[in-house]
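Trainee: I am new to this structure. Can we go through the terms one at a time?
Mentor: Yes. Here it is.

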Amino acid sequence: MRLTFSLLLLVFSTASFAQGQVTFGAFTDAKEVVEGNTFQVSFNLKNANGSGFVPPSFKPFKVVSGPNRSISNSIINGKVSSEMTLSYMLLAEKQGNYVIKSAKIKANSKQMLSKPIQVKVVKARKPAAGVTGGEPFFVVAEFSDSAAYVGQQVMLDYKIYTKKNIDSYNLVAE
(Lines give C-alpha, C1' and ligand atoms only; values in the text may rest on other atoms or scores of the structure.)
Protein backbone atom coordinates (compact mmCIF):
# COMPACT_ATOMS: atom_id res chain seq x y z
CA MET A 1 0.00 0.00 0.00
CA ARG A 2 2.79 2.37 0.97
CA LEU A 3 4.71 1.57 -2.21
CA THR A 4 1.63 2.25 -4.36
CA PHE A 5 0.99 5.57 -2.62
CA SER A 6 4.66 6.58 -2.96
CA LEU A 7 4.66 5.63 -6.64
CA LEU A 8 1.48 7.66 -7.33
CA LEU A 9 2.92 10.65 -5.47
CA LEU A 10 6.10 10.42 -7.55
CA VAL A 11 4.15 10.23 -10.84
CA PHE A 12 1.92 13.22 -10.01
CA SER A 13 4.78 15.37 -8.71
CA THR A 14 6.83 14.57 -11.84
CA ALA A 15 3.85 15.45 -14.06
CA SER A 16 3.40 18.76 -12.25
CA PHE A 17 7.12 19.55 -12.52
CA ALA A 18 7.21 18.68 -16.23
CA GLN A 19 4.32 21.02 -17.06
CA GLY A 20 5.41 23.97 -19.21
CA GLN A 21 5.22 27.70 -18.71
CA VAL A 22 1.76 29.28 -18.44
CA THR A 23 1.01 31.64 -21.35
CA PHE A 24 -2.06 33.52 -22.58
CA GLY A 25 -2.06 35.04 -26.04
CA ALA A 26 -4.22 36.23 -28.91
CA PHE A 27 -3.85 35.66 -32.63
CA THR A 28 -5.80 36.06 -35.85
CA ASP A 29 -5.80 34.18 -39.13
CA ALA A 30 -5.53 37.46 -41.10
CA LYS A 31 -3.83 40.77 -40.30
CA GLU A 32 -5.42 42.26 -43.43
CA VAL A 33 -9.06 41.52 -44.31
CA VAL A 34 -11.10 42.48 -47.37
CA GLU A 35 -14.19 44.51 -46.48
CA GLY A 36 -17.26 42.27 -46.24
CA ASN A 37 -15.27 39.12 -45.37
CA THR A 38 -14.89 37.16 -42.15
CA PHE A 39 -11.77 36.34 -40.15
CA GLN A 40 -11.04 34.43 -36.96
CA VAL A 41 -9.63 35.76 -33.67
CA SER A 42 -8.47 33.23 -31.06
CA PHE A 43 -7.36 33.48 -27.43
CA ASN A 44 -5.07 30.68 -26.27
CA LEU A 45 -4.22 29.64 -22.68
CA LYS A 46 -1.40 27.10 -22.30
CA ASN A 47 -0.54 24.93 -19.29
CA ALA A 48 -3.19 26.18 -16.85
CA ASN A 49 -6.88 25.91 -16.07
CA GLY A 50 -8.53 29.24 -16.76
CA SER A 51 -11.70 30.80 -15.43
CA GLY A 52 -13.52 34.10 -15.70
CA PHE A 53 -12.65 34.72 -19.36
CA VAL A 54 -13.57 38.29 -20.42
CA PRO A 55 -13.40 38.90 -24.19
CA PRO A 56 -12.59 42.35 -25.55
CA SER A 57 -15.11 44.50 -27.37
CA PHE A 58 -15.01 43.50 -31.02
CA LYS A 59 -16.50 46.78 -32.29
CA PRO A 60 -16.69 47.74 -35.17
CA PHE A 61 -16.61 44.06 -36.21
CA LYS A 62 -19.73 41.91 -36.09
CA VAL A 63 -19.45 38.60 -34.20
CA VAL A 64 -20.69 35.90 -36.59
CA SER A 65 -19.72 32.92 -34.43
CA GLY A 66 -18.28 32.34 -30.99
CA PRO A 67 -17.03 31.80 -28.51
CA ASN A 68 -16.00 28.39 -29.87
CA ARG A 69 -14.02 26.41 -27.29
CA SER A 70 -11.28 23.84 -27.90
CA ILE A 71 -9.37 21.98 -25.17
CA SER A 72 -6.43 19.59 -25.53
CA ASN A 73 -4.17 17.77 -23.06
CA SER A 74 -1.10 15.70 -23.84
CA ILE A 75 1.72 13.80 -22.16
CA ILE A 76 4.76 13.28 -24.37
CA ASN A 77 7.85 11.64 -22.88
CA GLY A 78 6.61 12.56 -19.40
CA LYS A 79 6.03 16.21 -20.31
CA VAL A 80 2.48 17.32 -19.55
CA SER A 81 0.91 20.12 -21.58
CA SER A 82 -2.58 21.54 -21.86
CA GLU A 83 -4.16 24.10 -24.11
CA MET A 84 -7.52 25.90 -24.19
CA THR A 85 -8.52 28.07 -27.14
CA LEU A 86 -11.56 30.35 -27.39
CA SER A 87 -12.18 31.61 -30.92
CA TYR A 88 -14.56 34.04 -32.60
CA MET A 89 -15.45 34.50 -36.26
CA LEU A 90 -15.79 38.23 -37.03
CA LEU A 91 -17.22 40.10 -40.02
CA ALA A 92 -15.28 43.15 -41.25
CA GLU A 93 -17.90 45.62 -42.47
CA LYS A 94 -15.98 48.90 -42.70
CA GLN A 95 -12.54 49.87 -44.07
CA GLY A 96 -9.86 51.12 -41.68
CA ASN A 97 -7.15 50.17 -39.21
CA TYR A 98 -8.48 48.67 -35.99
CA VAL A 99 -7.14 47.31 -32.71
CA ILE A 100 -8.82 44.41 -30.93
CA LYS A 101 -7.99 45.08 -27.28
CA SER A 102 -6.78 42.61 -24.67
CA ALA A 103 -8.84 39.73 -23.34
CA LYS A 104 -8.63 38.73 -19.65
CA ILE A 105 -8.56 35.35 -17.93
CA LYS A 106 -7.75 34.13 -14.43
CA ALA A 107 -5.18 31.31 -14.35
CA ASN A 108 -3.24 29.94 -11.37
CA SER A 109 -4.74 32.69 -9.15
CA LYS A 110 -3.35 35.42 -11.44
CA GLN A 111 -5.16 37.76 -13.83
CA MET A 112 -3.62 37.41 -17.31
CA LEU A 113 -4.03 39.72 -20.33
CA SER A 114 -3.51 38.93 -23.99
CA LYS A 115 -1.71 41.39 -26.26
CA PRO A 116 -3.89 43.59 -28.50
CA ILE A 117 -4.23 42.61 -32.18
CA GLN A 118 -4.09 45.04 -35.09
CA VAL A 119 -6.33 44.35 -38.10
CA LYS A 120 -6.50 46.32 -41.33
CA VAL A 121 -9.73 46.18 -43.36
CA VAL A 122 -9.16 47.01 -47.03
CA LYS A 123 -11.52 47.73 -49.91
CA ALA A 124 -12.26 44.91 -52.34
CA ARG A 125 -10.61 45.30 -55.73
CA LYS A 126 -12.88 45.77 -58.71
CA PRO A 127 -12.59 43.23 -61.53
CA ALA A 128 -10.44 44.26 -64.48
CA ALA A 129 -12.20 45.77 -67.50
CA GLY A 130 -13.59 43.17 -69.88
CA VAL A 131 -13.75 40.41 -67.25
CA THR A 132 -17.10 38.66 -67.20
CA GLY A 133 -18.55 36.16 -64.81
CA GLY A 134 -19.21 33.60 -67.55
CA GLU A 135 -16.69 31.05 -66.21
CA PRO A 136 -18.21 27.88 -64.74
CA PHE A 137 -18.05 27.43 -60.98
CA PHE A 138 -19.83 25.55 -58.22
CA VAL A 139 -20.17 25.85 -54.46
CA VAL A 140 -20.19 22.94 -51.99
CA ALA A 141 -21.45 23.36 -48.41
CA GLU A 142 -20.13 20.84 -45.86
CA PHE A 143 -21.16 20.45 -42.20
CA SER A 144 -18.48 19.94 -39.55
CA ASP A 145 -20.35 16.91 -38.12
CA SER A 146 -22.28 14.20 -39.91
CA ALA A 147 -24.75 13.97 -37.02
CA ALA A 148 -25.78 16.64 -34.52
CA TYR A 149 -28.04 16.89 -31.50
CA VAL A 150 -30.56 19.65 -30.77
CA GLY A 151 -28.78 22.79 -29.60
CA GLN A 152 -25.33 21.69 -30.82
CA GLN A 153 -23.36 24.31 -32.71
CA VAL A 154 -22.16 23.10 -36.09
CA MET A 155 -19.91 24.82 -38.60
CA LEU A 156 -20.82 25.06 -42.27
CA ASP A 157 -17.85 25.34 -44.63
CA TYR A 158 -18.38 26.69 -48.14
CA LYS A 159 -15.94 25.60 -50.84
CA ILE A 160 -15.90 27.44 -54.15
CA TYR A 161 -14.53 25.57 -57.15
CA THR A 162 -13.54 27.74 -60.13
CA LYS A 163 -10.64 28.46 -62.50
CA LYS A 164 -10.85 32.20 -61.72
CA ASN A 165 -8.89 33.99 -58.99
CA ILE A 166 -11.28 35.17 -56.27
CA ASP A 167 -10.25 38.24 -54.25
CA SER A 168 -13.33 38.34 -52.07
CA TYR A 169 -16.75 36.85 -51.55
CA ASN A 170 -19.57 37.35 -49.10
CA LEU A 171 -21.68 34.39 -48.05
CA VAL A 172 -22.91 36.02 -44.83
CA ALA A 173 -26.21 37.86 -45.14
CA GLU A 174 -28.07 39.88 -42.50
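Mentor: Start with a sheet in this predicted model. Three strands form an open sheet in the order β2-β10-β7, and the pairing is mixed.

Trainee: What makes β2 and β7 edge strands?
Mentor: Each pairs on one side only. β2 covers 32-34 and β7 covers 96-100. On average, neighbouring strands of this sheet are turned by 30° against each other, direction ignored.

Trainee: How do you know that β2 and β10 pair?
Mentor: Pairing takes at least two bridges between two strands. Three bridges join β2 to β10, residues 117-122, so β2 and β10 count as paired. The two run parallel. In β10, Val121 is the bridge partner of Val33.

Trainee: Why is Ser87 called buried?
Mentor: Buried means under 20% relative accessible area. Ser87 has 10%, so Ser87 is buried. Ser87 lies in strand β6.

Trainee: What is Ser87 in contact with, leaving aside its neighbours within four places in sequence?
Mentor: Its contacts are Gln40, Val41, Ser42, Ser65, Gly66, Pro67 and Asn68.

Trainee: Which residues touch the most other members of the largest nonpolar core?
Mentor: They are Phe39, Val41, Leu45, Phe61, Leu90 and Ile100, out of 24 residues in that core. The elements giving two or more residues to this core are β3 (38-46), β6 (79-91), β7, β8 (104-107) and β10.

Trainee: What does Phe61 touch, not counting residues up to four places away in sequence?
Mentor: Phe61 touches Phe39, Leu90, Leu91, Ala92, Tyr98, Ile100, Val119 and Val121.

Terms used:
Residues are numbered from 1 along each chain as its sequence is written. This is a predicted model: local features need pLDDT of at least 70, side-chain atom pairs count only at pLDDT 80 or more; totals for chains, interfaces and linings use all residues. Side-chain values use heavy atoms; hydrogens and water are left out. Helices (H or I, at least four residues) and strands (E, at least two) are DSSP runs, numbered from the N terminus. Axes are lines fitted to C-alpha atoms, for helices over the stretch in contact, and angles run from 0 to 180 degrees between N-to-C directions. A nonpolar core is a set of buried Ala, Val, Leu, Ile, Met, Phe, Trp, Tyr and Cys residues joined through side-chain atoms within 4.5 Å. Buried means under 20% relative accessible area, exposed over 50%, partly exposed in between (1.4 Å probe, protein chains only). Contact means heavy atoms within 4.5 Å.
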